[in-house]
Amino acid sequence: MTEPTDDLTGETVCVDGTDRTVGPELGSGREGTVYGLEGVDDRVIKAFPEEKQPAKDRKISAMVDAQPTDPNRNATGLPAFVWPTGVVHDPNAGAFLGYAMPKIDLSQFVEAQKHARDALEWDDSDTDTRAETALNLAATMGLLHAQGNAVGDLNHDNVLVSGTHVTLIDCDGFHVSGPTEE
């Protein structure tokens, strides 16, 4: 398994051309580590391990340039997906480190498997709730696919549920179509 990037807490990074101080680590996984940004309440960054950075650089830049439309965020206040919104670089060397993305309040969500196990117990949930949750997942997938993207990392950890609303995270595992390559 790949180790996450060295701890960036307190380091300076360049996000969309602006130097920012990295806040505390918020979580980590196989692909990278998520950090807060000091003085920024609505965005976080994901930093990749050094060996993954070259392979992710072009893809993340393409994803930032091809931001899909998310009608859910305006309609419900909750995003359908948490998409990269900016590229993060080392301010000194200019090397690609990762990306910025909207910050979501994880306390509003539960991951899909836990939701299915706890909130959708067959005898304790109604058919409408189960159906609406499934429909919202299908609608989110359809929305992304209609905009030229393919969800490439659909596991229960990357599907968050709030009520019947579904939000996909870890979108850097998705496949995107750019003007010259996929």
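Where in the chain does Asp170 lie? Asp170 is found in the loop between β10 and β11. The points below concern a predicted model.

1. Backbone at Asp170 and Asp16. In Asp170, a residue other than glycine, phi is positive, near 60°. Asp16 is likewise not a glycine, and its phi is positive at about 55°. The loop that holds Asp16 is the one between β1 and β2. With a relative accessible area of 44%, Asp16 is partly exposed, because that class covers the values between 20% and 50%.

2. Salt bridge of Asp16. Six salt bridges are present in the structure. One of them joins Asp16 to Arg43, with 2.9 Å between the closest N and O atoms. This pair links distant parts of the chain, since Asp16 sits in the loop between β1 and β2 (18-28) while Arg43 belongs to strand β4, 27 residues apart. Arg43 has a relative accessibility of 21% and therefore counts as partly exposed.

3. Salt bridge of Glu31 and Lys52. Side chains of opposite charge can pair when their charged atoms come close. Glu31 and Lys52 form such a salt bridge, and their closest N and O atoms are 3.4 Å apart. Glu31 lies in the loop between β2 and β3 (33-37), and Lys52 in the loop between β4 and α1, so the pair ties together parts of the chain that are 21 residues apart in sequence. At 22% relative accessibility, Lys52 counts as partly exposed.

4. Salt bridge of Asp172 and Lys46. What separates the closest N and O atoms of Asp172 and Lys46 is a distance of 2.8 Å, and the two residues form a salt bridge. Distant parts of the chain are linked here: Asp172 is in the loop between β10 (165-168) and β11 (175-176), Lys46 is in strand β4, and they are 126 residues apart. Both partners are buried, Asp172 at 1% relative accessibility and Lys46 at 6%. Through shared partners, salt bridges join Glu31, Lys46, Lys52, Lys56, Asp170 and Asp172 into one network. Asp170, the residue of the opening question, is thus a member of this network as well as a residue with positive phi.

5. Stacked aromatic pair. How many aromatic pairs are there? The count comes to four. Phe48 and Phe96 form a stacked pair, because their ring centres are 6.1 Å apart and their planes stand at 25°, which is under the 30 degrees required for stacking. The pair links distant parts of the chain: Phe48 is in the loop between β4 (40-47) and α1 (53-65), Phe96 is in strand β6 (residues 96-102), and their positions lie 48 residues apart in the numbering. Phe48 is buried at 0% relative accessibility, and Phe96 is buried at 5%.

6. Tilted aromatic pair. Phe48 also pairs with Tyr99, at 5.9 Å centre to centre and 45° between the planes, an arrangement that is tilted. Phe48 lies in the loop between β4 and α1 and Tyr99 in strand β6, so parts of the chain that are 51 residues apart in sequence are tied together. Tyr99 is buried, its relative accessible area being 1%. Ring pairs link Phe48, Phe96 and Tyr99 into a cluster.

7. Glu50 and its surroundings. Is Glu50 buried or exposed? Glu50 is exposed, with a relative accessible area of 65%. Its place is the loop between β4 and α1, which also holds Phe48 and Lys52. The C-alpha atoms of Glu50 and Phe96 are separated by 9.2 Å, although these residues are 46 residues apart along the chain.

8. Negative surface patch. Which residues form the negative surface patch? Asp6, Asp7, Glu11, Glu25, Glu50 and Glu51 do so. Among them, Glu11 lies in the segment before β1 (12-15). Glu11 is partly exposed, with a relative accessible area of 44%, whereas Glu50 is exposed. Glu11 and Glu50 can therefore both meet the accessibility condition for a patch, which is over 30% relative accessible area.

Terms used: Residues numbered from 1 in each chain as written. Predicted model: local features only at pLDDT ≥ 70, side-chain atom pairs only at ≥ 80, totals over all residues. Heavy atoms only, no water. Patch = residues over 30% accessible without salt bridge, like charges linked within 9 Å, V, L, I, M, F, W, Y side chains within 5 Å. Areas by Shrake-Rupley, 256 points an atom, 1.4 Å probe, with all protein chains shown as cover. Salt bridge = Lys/Arg side-chain N within 4 Å of Asp/Glu carboxyl O. Lys, Arg positive; Asp, Glu negative; His and termini not counted. Charge placed at Lys NZ, Arg CZ, Asp CG, Glu CD. Helix = DSSP H or I, 4+ residues; strand = E, 2+ residues; numbered from the N terminus. Buried < 20%, exposed > 50% of the residue type's maximum accessible area, 1.4 Å probe, protein only. Phe/Tyr/Trp six-rings, centres within 6.5 Å; stacked < 30°, edge-to-face > 60°.
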